[in-house]
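Dear colleague,

I am passing on the structure that we spoke about, and my notes on it follow below. Please read them with the model open beside you.

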Amino acid sequence: MTALEQAIITWIHLVAAAIWVGGSLFIGIVFSPLLKTMTNSIEERMQIMIRVGRRFNKVAVPSLIILMATGLYSSHALLSKPDLLTATSYGTFLIIKILLVIALIITYAVHVRVIRKDVEEKIMSNQIPEPQIQTLRKKIIILGEITVVLSVAILFFAALLDAGV
């Protein structure tokens with residue numbers, strides 16, 4: 001791969017990471033706390049968050065797919081030599097990053113399962129009692145926090161790999 005090809009792949013990877021991680025951080029650090037000041041109703045906050053989540057997922061999911069594809073493409077040479085994965089710090093960090101990505105995908109899949117279409121529809125039409133909404137909200141918050149922590153950890157390992165540590 002030429003230097004220009006590598007630069008383009010890295011740039012695409014970074015743009016996708018900015019969308020995924022930046023959007024997740026924005027929702028968790030800025031939007032969610034602001035939502036509490038917009039309405040006292042947990043049902044209304046959940047309805048707004050569902051609309052925001054649907055909208056964000058339209059760019060976030062493709063970004064996550066692009067991240068995985070460009071990451072695999074960039075590391076395919078090393079992945080084809082398993083002995084280097086365990087013999088070098090670069091390989092070790094790459095394995096850790098891949099494991100974190102797998103954990104992120106599992107967490108995201110659980111999040112999607114918790115807020116599946118039928119649950120969304122019940123929330124949007126006020127058909128879920130408040131105690132159940134409270135429980136659901138707690139699960140969503142925990143999954144969101146795990147997603148953000150994993151995403152930031154993955155960025156850290158990406159930085160280590162880029163630095164050649």
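**Two pockets and a helix**

The second largest pocket holds about 730 Å³ of space, where a pocket is an open set of points on a 1 Å grid over the protein atoms alone, at which a 1.4 Å probe fits, with protein on both sides within 12 Å along at least five of seven lines. This is a predicted model, in which local features need pLDDT of at least 70 and side-chain atom pairs count only at pLDDT 80 or more, while totals for chains, interfaces and linings use all residues. Residues are numbered from 1 along each chain as its sequence is written, and side-chain values use heavy atoms, without hydrogens and water.

Lining the second largest pocket are 31 residues (each with an atom within 4 Å of a point), and those nearest its centre are H13, L67, G71, K97 and A158. The largest contribution to this lining comes from α2, with nine residues.

The largest pocket has a volume of about 930 Å³. Among the 31 residues of its lining, I27, M49, H111, I140 and G144 are the closest to its centre, and α1 gives the most to that lining, with 10 residues.

Helix α4 (helices are DSSP runs of H or I with at least four residues, numbered from the N terminus) covers residues 89-114 and reaches 37 Å from its first C-alpha to its last, close to the 38 Å expected at 1.5 Å a residue, counting one less than its number of residues. Its buried residues (under 20% relative accessible area, with a 1.4 Å probe and protein chains only) include F93, L100 and K97.

Best wishes

Definitions and conventions:
Helices (H or I, at least four residues) and strands (E, at least two) are DSSP runs, numbered from the N terminus. Buried means under 20% relative accessible area, exposed over 50%, partly exposed in between (1.4 Å probe, protein chains only). Grid points are joined across faces, edges and corners, and a volume is the space filled by probe spheres set on the points.
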